[in-house]
Amino acid sequence: MQSAGWVMVRYDQGCSMISTELAEWFNARWFGEMGAIDGQDVAFIADLIAQHRPRNVVEIGCASGMSSCILAALMSSAGGGTLNSFDLMEHYYVNPEKPVGYLLAEAPPHPGVSVTVNRGKTCLDVAGQIDGQIDLCFIDAAHKHPWPLIDTLGVLPLMKPGGIIIHHDLQMFRTAQGNAYANGPKMVLALAPPATRIYPDDASQARGREVMKSRKISHNIFALRVPETRRAFAAQLCEGFYFGWDKQSYQLVPSDFAMRFSTFLEEHYGPYVGQAWAEGVRRYSTPVESPPLPRVGSLPRRILRRISGR
Ligand SMILES: C[S@@+](CC[C@H](N)C(=O)[O-])C[C@H]1O[C@@H](n2cnc3c(N)ncnc32)[C@H](O)[C@@H]1O
């Protein structure tokens, strides 16, 4: 990418750059409610891309396409490659008049990078779309536990050992508004062996905040380095299925997806992982049967209205 200037981003083995043009492009389009990565997240992703120079990149959760545009521009500066982005929806959830990935039509220049948006698709569709092993996967889709775990296990067999899986929205477990919280990314981090974890360093977070628009929260992103033994890694991660699924997440795991995922897990990881999923589905994915409504007249109308939600 041609640019008038660069913002230096250092990391332990060298340094990467975010061009001032990319920072300006981002600042002109980013706003807090768009559900996208912020400037601090971009600094962390820029570090990882400059360090690992991934050629084959997958994204789960495209939405407006903001993160896809950033990934493409950063990959271009690091040698180019292929970006495949997947999203369950056809339309951008914040503004359904726009298609998923609409920002790619005005993306910053990304020579040497081919970008494909796969709409109406999940992690289970990745294998049918990509060629070769994945060097870097950015997961930023549904955040309620167990979705980030599902997405991680869904791409893990396709990942190159030593490859990088990035998760966004780590801090959503703190959200205090009703059921808006999401424990998914935190659960994945807690289950991953410490040796696999990569955190943003404080310096790169601060640099992101200085030059690119950011939310007030920090350390909202982390990455995992995929070990050589992916099956053993999956066996460690899958224990998360036994722990309480976030409220409402069962509504987002349709039974046909649950069955497909079950077959996928057995096929790639064997019965230990498959059993963890089956037990999670048994415990948490069946909606609790509503108690029978009392006969009209046996309770005051005020209480009847409250329990029937009318
Ligand atoms: C937070 S937004 C992604 C933001 C985007 N990564 C960015 O930074 O610009 C989450 C997206 O994930 C999608 N999504 C939700 N559940 C999904 C699933 N199971 N598989 C794929 N995409 C999913 C939603 O439709 C939504 O567009």
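**How the ligand and His168 are described**

Student: Which residues of this predicted model surround the ligand, and which are the closest?

Tutor: There are 21 residues around the ligand, and the closest are Gly61, Ser67, Asp87, Met89 and Asp140. Strand S3 (56-60) and helix H3 (66-77) each supply at least two residues of that shell.

Student: How do you know what kinds of residues make up the shell around the ligand?

Tutor: You sort them by type: 13 are nonpolar, 4 polar and 4 charged. Gly goes with the polar ones in this scheme.

Student: What makes the pair between Gly61 and the ligand a polar contact?

Tutor: The rule asks for N or O atoms within 3.5 Å. A backbone N or O atom of Gly61 is 2.9 Å from a nitrogen atom of the ligand, so the pair fits the rule. Ile37 has a polar backbone atom 2.9 Å from an oxygen atom of the ligand. For Ala63, a backbone N or O atom lies 3.5 Å from a ligand oxygen atom.

Student: And how much of the ligand does the protein cover?

Tutor: On its own, the ligand has 610 Å² of accessible area, and the protein covers 92% of that. The ligand sits in the largest pocket, too.

Student: Why is His168 called buried?

Tutor: Buried means under 20% relative accessible area. His168 comes in at 1%, so it counts as buried.

Student: Where is His168, and which side chains does its side chain contact?

Tutor: You'll find His168 in strand S7 (residues 159-168). Its side chain has a polar contact of 2.7 Å with the side chain of Asp41, and another of 3.3 Å with that of Asp169.

Note on methods: Residues numbered from 1 in each chain as written. Predicted model: local features only at pLDDT ≥ 70, side-chain atom pairs only at ≥ 80, totals over all residues. Heavy atoms only, no water. Near = heavy atom within 4 Å. Polar contact = N/O pair within 3.5 Å; in protein donor to acceptor, adjacent residues only side chain to side chain. Areas by Shrake-Rupley, 256 points an atom, 1.4 Å probe, with all protein chains shown as cover. 1 Å grid on protein atoms, 1.4 Å probe; cavity = no way out; pocket = protein on both sides within 12 Å on 5 of 7 lines; lining within 4 Å. Sits in = over half its atoms within 2 Å of the grid points. Helix = DSSP H or I, 4+ residues; strand = E, 2+ residues; numbered from the N terminus. Buried < 20%, exposed > 50% of the residue type's maximum accessible area, 1.4 Å probe, protein only.
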